[in-house]
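Trainee: I've got a structure open and I'd like to learn how to read it. Could you walk me through it?

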2 protein chains.
Amino acid sequence: MSPNPRPVYRRADLRRLLEPRSIALVGASPSSGSLGRRTLANLHAFQGEIFVVNARHASIDGRKCYAGIADLPEVPDCVVIAVGRDALEPVLAECVAAGVGAAVLYASGYAETGRAEDAAAQARISALAHASGLRIVGPNCVGVARRANALHAAFAEFSPAPTTPGVRIGLVSQSGALGLSLSQAGEHGASIGHVLSCGNACDVDVADFVAYLAEDPDCDVIALTFEGLAAPERLAEAASLAARAGKRVIACPLGVSEAGSEARRFHSGTTSGDPVALGALCAASGIVTIERIESLIETAAFFAKAGPPGRASAAILTGSGGTGVLAADAAARHGVATPQPSATTVARLRAAIPVFGAARNPCDATAQVVRNPESLLECATAMLADPAFGALVIPWGRSQPTSLVAGLRSRAQAAGKPICLVWMSQRLEGPNAEAIEVDPRIALFRSLDACFAALARWGRS
Amino acid sequence: MSPNPRPVYRRADLRRLLEPRSIALVGASPSSGSLGRRTLANLHAFQGEIFVVNARHASIDGRKCYAGIADLPEVPDCVVIAVGRDALEPVLAECVAAGVGAAVLYASGYAETGRAEDAAAQARISALAHASGLRIVGPNCVGVARRANALHAAFAEFSPAPTTPGVRIGLVSQSGALGLSLSQAGEHGASIGHVLSCGNACDVDVADFVAYLAEDPDCDVIALTFEGLAAPERLAEAASLAARAGKRVIACPLGVSEAGSEARRFHSGTTSGDPVALGALCAASGIVTIERIESLIETAAFFAKAGPPGRASAAILTGSGGTGVLAADAAARHGVATPQPSATTVARLRAAIPVFGAARNPCDATAQVVRNPESLLECATAMLADPAFGALVIPWGRSQPTSLVAGLRSRAQAAGKPICLVWMSQRLEGPNAEAIEVDPRIALFRSLDACFAALARWGRS
């Protein structure tokens, strides 16, 4: 792809795509398991009109079929096109002729094959988008979802939203499969408000989605994965919109190694995105980059909960001395300082814990916290009050009462410092994990390393 | 602690502790939540005699109470002592006098406080053990568990064993809290056969437990965490017993950083274990060390499933091009080669996947594998047959039919190469995760990095 100097699309440019009043589905088929029928099922709760276009059937799933876009009772804002690549371009022409606002293209067989004729077909679609003003997502994409309006214009079954909302994460993933895997964090309480996948990105790309989320009031923080960028400067532009809106962008770029970059060329056909240049661009734009995709959602939630950067030093508080040792090791690996508390703090800790505990950093309040959770709150209060620390990390070896989480939340709020609970139990979705996840202030990590990697990026040095 | 030149305890030395015919519980109390009562509840399925010692009660939980060890109808093999430190030494003297085989001491307030008088009390207990032959676990420990005989001589509630057994992991954790957290992997299908915690290790230490597991036929692989070692050469001795038995030892040492080492001194009172010397000892002894404790159990299971080392190069097979790019990046981070397949393999891959896939390494078999799982098996067969690869890695973005896991298992077996499934879904305990976990040949990881870190340590360079 060649650099594309157009400015980033804004929310106003993408509202007919992501906040449509009406959606038409072209290529809906009665055959079970078909992409069209799966999309129709996913749209069941959509808050708007749905039209089905199919010239060979009178109705599908109880919905009347229309012969073409021109036959619909109104011009739909968005058209999801579930037909294969050979039938695609005529449908797009119909969309343009009718004045449709946006189209989502599932069909594969374009730039990703590496064949010149397929790249040429994609270039034709791209040119159509730019000439007409029709905003196009895809081709080779799984669709898009936005929870606030129950838009699920996708054949992929993104996970259901949790009933208790926490900080709302807007997820942008070039790869639909990764978007699907990541969105399943909703199953353990993460509040994924959007899943936006752009596949080959012949028109709308990840930068446009980031810009949309920057301006969407139903999003608190942006989580991003991408392989290549047609125009890296657009990502910088989108990041500056996000910064203006007070939203952090957390990115896990793909294809940063030689082997990965080579694989990327065969997947999305993108070759841009030299890792060094990309890293510099992200740093300059305030984008937080991470290496390990399994930490993307929890890192994004942390940044939304943590608020403005504080001191890059952590107090560690545990009910298990061994876990404190582990946590100190992990902090050191990520360059997060773990200084000793002041004499005043030590005295407060000493008063709260048994003599066989450790009134220092890391603080070992010992297993007696199981019987006496108040002592853990006292230690937390003392450590949060100490100016030596920018944040408090509590490795959580077993389930604790939710009242304790509420107690910690009020102390984090009062101190204006983040508290990170690190879920050490291998009972990964065990009792109370979700209660912590949905908490508006307490961040949950499932790895000490993920926690300290995030704190290292959050803190001021 | 000073170096202790005694040889490592073997299975024969620890059978009265871990395979006792009878157990006595001293300090059992009727008060709910007490350590004694929790221990009694945990022992409900124990396959042997249980005696309760308490001079102030006639019975507890329907069990007759005896006034002292000397009053029991037989000499118990093992005595669990749930009394506090002030009452402890007289009970130990009773045990020695009666000829008890082993004692488990819960009481805290010994070397871990850092006070000279507490260290002296621990030294007295240690001397008693060495003089008498009574094997002592603790003090300051949560107890021990061994599934094969339903021994759960601990107040900590280690997770129940899964009903479907996989490779049997013997877990040794100096810290009881970490042992508890790690053992909860049983909740998602990991087969934890032992949880052995030694606390302050005044007599039996982690090296002795490793030696025991090396000789216990109910253990396939050993997972280990520890803070300090009184005599590092004993760990080398235990590791050589494990190697002789064909069992790998996977260790996550604690306190390897300066801050962690300092914290360790305040926790377990151990100061030995210079990280560089320790790393050299582990490398020389064939112990696999890892940094991230959350990968300990899955890494141990991998080594038990993978068999003898093969080529340190991986074939990557996905149904998602983006995931393939990510996997190639992770392999590069850990120095695992991802060479290209032979022309023959490429031809076989090309025949199995669509034109918009990628017949190379990483192989993108595309999302059509959802409808056509056979094509994934064909690609797996082709890549496993290629001598360029020592192992096959399949990132698993969503739940797949269990029949596919069985198909992969037979191919791994036929090729004599390990297959690693990497669970990319954030639905951490989602459908089929457990079916993979308990598979005797297919290893499951919840992180690409954990997978490639393990392969890097497994493969021959």
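Trainee: Let me start with one side chain. Is B:R360 buried or exposed?

Mentor: Keep in mind that this is a predicted model. Buried means under 20% relative accessible area, and B:R360 comes to 8%, so B:R360 counts as buried.

Trainee: Which residue does B:R360 form a salt bridge with?

Mentor: The general idea is that side chains of opposite charge can pair when their charged atoms come close. Here B:R360 pairs with A:E262, and their closest N and O atoms are 3.9 Å apart. B:R360 sits in the loop between α12 and β16 of chain B, while A:E262 belongs to helix α8 of chain A, so this salt bridge joins two chains. A:E262 is partly exposed, at 33% relative accessibility.

Trainee: How many salt bridges are there over all chains?

Mentor: The count is 50. Have a look at B:R15 and B:E19, whose side chains meet at 3.0 Å, N to O. B:R15 is partly exposed at 39%, whereas B:E19 is buried at 19%. Then try B:R115 and B:D118, with the closest N and O atoms 2.9 Å apart. There, B:R115 is partly exposed at 36% and B:D118 is buried at 3%.

Trainee: Which residues are linked in a network of salt bridges in chain A?

Mentor: Look for A:R85, A:D86, A:R115, A:E117 and A:D118.

Trainee: Now the two chains. What rotation superposes chain B on chain A?

Mentor: A turn of 180°, with 0.0 Å of shift along the axis, and the RMSD is 0.0 Å. The two copies are therefore related as by a two-fold rotation axis. The same surface serves both copies, too: 98% of chain B's contact residues recur in chain A.

Trainee: Sheets next. What is the strand order in the open sheet of 7 strands in chain B?

Mentor: Read across the sheet rather than along the chain. The order is β3-β4-β2-β1-β5-β6-β7, and the pairing is mixed. β3 (59–60) and β7 (135–137) of chain B are at the edges with a single partner strand each, so one side of each has no neighbour in the sheet.

Trainee: In which sense do β2 and β4 of chain B pair?

Mentor: They pair in the parallel sense, over 2 bridges. As an example to click on, B:V52 has B:C65 in β4(B) as its bridge partner.

Trainee: And which helix packs on that sheet?

Mentor: That's α2 of chain B, residues 35–42, which touches β1, β2, β3, β4 and β5 of chain B. The direction of α2 makes about 160° with that of β1(B).

Notes
Residues numbered from 1 in each chain as written. Chains lettered and ligands numbered in written order. Predicted model: local features only at pLDDT ≥ 70, side-chain atom pairs only at ≥ 80, totals over all residues. Heavy atoms only, no water. Least-squares fit on C-alpha atoms with pLDDT ≥ 70 in both. Contact = heavy atoms within 4.5 Å. Pairing = 2+ DSSP bridges. Helix = DSSP H or I, 4+ residues; strand = E, 2+ residues; numbered from the N terminus. Axes fitted to C-alpha atoms, helices over the stretch in contact; angles between N-to-C directions. Salt bridge = Lys/Arg side-chain N within 4 Å of Asp/Glu carboxyl O. Buried < 20%, exposed > 50% of the residue type's maximum accessible area, 1.4 Å probe, protein only.
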